[in-house]
Structure formats: structure tokens, C-alpha cells
Amino acid sequence: MICPKCECEYVDGIKVCSDCGIDLIPVDEFEGKLIHPKDWVIVYTGNDLIETEMLKANLTGAEIESIILSQKDRSYIYLGEVSPIKLLVKRKDADEALQIINDIFESKADDEE
Ligand SMILES: [Zn+2]
């Protein structure tokens, strides 16, 4: 899925762009309109940098390269909202990364019971 406005690509399961707040569309609908084809896809969005860094550390442990993007890096103030944080991996690693992230959240939920 991809945001038709900022061209950020998201994995399946995420339906709204965390930057633009608009609905994502399937990539094939958008193919050919991309100005900058991207090698990175977003596998997680959240507001908790500590948690995102924990996920990144787990991906690194599985030898998956990842980067964290935060709107705090930008010069404008995001009115009334906590800055969303995004975790990105290379397209080829997306499925594996998503699996690892899901496993982490499932075991976390077990711990809290
Ligand atoms: Zn967007």
C-alpha cells in the first residue's frame, strides 16, 4: 500500500498514511506515477521511540537492516499531535521483519497477562 500524496510505501495492514492522514492505495494502482521509486518500506508506525528502537534492535539481531524516521527531524511543528515514528526496512526484508515484529508484540501481550 502506498500514500498517493507523499509516496511513502507501507506494508499490508496499515491503511492510512501517518504523515498525511489520507487513505493508502494499492501499489499497482500507483505504479508508474512514482517519481522516486523507493527501496524502503514502512513496517511499523508508532509514537514510542524507545519501543521502535527495541524493534530495530531485534531486526538488527536478525541481520535485517532498518532505519527509524521521526517527524521530529523536520522543521515544522505537528500541531496537536505526537510525532509519529516510522520503522523502515528494505523491500526484500519486509516479510521477515513483519514476522519478527508480530512475534515481539505477541510475546509482549503474553507477558502482560
Ligand atoms: Zn503520506
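Visitor: What does the secondary structure of the chain come to?
Guide: The chain has three helices and three strands; both are DSSP runs numbered from the N terminus (helices: H or I, at least four residues; strands: E, at least two). Starting at the N terminus, the elements follow the order α-β-α-β-β-α. This is a predicted model, in which local features need pLDDT of at least 70, side-chain atom pairs count only at pLDDT 80 or more, and totals for chains, interfaces and linings use all residues. Residues are numbered from 1 along each chain as its sequence is written, and side-chain values use heavy atoms, with hydrogens and water left out.

Visitor: Which residues are the protein donors of the zinc ion?
Guide: They are Cys3, Cys6, Cys17 and Cys20, each through its SG atom, at 2.2 to 2.3 Å from the zinc ion. These sulfur atoms count as donors because the term covers N, O and S atoms within 2.8 Å of the metal (3.2 Å for Na, K and Ca). Along the chain, the donors of the zinc ion are spaced as C-x2-C-x10-C-x2-C. Cys6 and Cys17 both lie in the segment before α1 (27-30), so this pair ties together parts that are 11 residues apart in sequence.

Visitor: Why is the site of the zinc ion called tetrahedral?
Guide: Four donors count as tetrahedral if all angles lie between 85 and 135 degrees. The angles among the four donor atoms of the zinc ion are 105 to 112°, and the site is therefore tetrahedral. The ideal angle for four tetrahedral donors is 109.5 degrees.

Visitor: Why is Cys17 called buried, and why is Cys6 called partly exposed?
Guide: Buried means under 20% relative accessible area, exposed over 50%, and partly exposed in between (1.4 Å probe, protein chains only). Cys17 has a value of 2% and is therefore buried, whereas Cys6, at 28%, is partly exposed. Over the chain of 113 residues, 35% are buried.

Visitor: How is helix α2 placed with respect to burial, taking Glu51 and Thr60?
Guide: Helix α2 spans residues 49-61 and includes Glu51; Thr60 also belongs to α2. Glu51 is buried because its relative accessible area is 16%, while Thr60 counts as partly exposed because its value is 46%. Tyr44, Phe105 and Lys108 touch Glu51, leaving aside residues up to four places away in sequence; a contact means heavy atoms within 4.5 Å. The C-alpha atoms of Thr60 and Ala97 are separated by 9.9 Å, although these residues stand 37 residues apart along the chain.

Visitor: What makes β1 and β2 the edges of the sheet?
Guide: The three strands form an open, antiparallel sheet in the order β1-β3-β2. β1 (40-46) and β2 (66-70) each have a single partner strand, so one side of each is left without a neighbour in the sheet. Neighbouring strands are turned by 30° against each other on average, direction ignored.

Visitor: How do you know that β3 pairs with β1 and with β2?
Guide: Two strands pair if DSSP finds at least two bridges between them. β1 and β3 share six bridges, and five bridges join β2 to β3 (residues 85-90), so both pairings meet the definition. Within β3, Leu87 is the bridge partner of Tyr44, and Ile85 stands opposite Ser70.

Visitor: What makes β1 mostly covered?
Guide: Five of the seven residues of β1 are buried.

Notes
Axes are lines fitted to C-alpha atoms, for helices over the stretch in contact, and angles run from 0 to 180 degrees between N-to-C directions. Four donors count as tetrahedral if all angles lie between 85 and 135 degrees; four count as square planar and six as octahedral if opposite donors are over 155 degrees apart and all others between 65 and 115; anything else is irregular.
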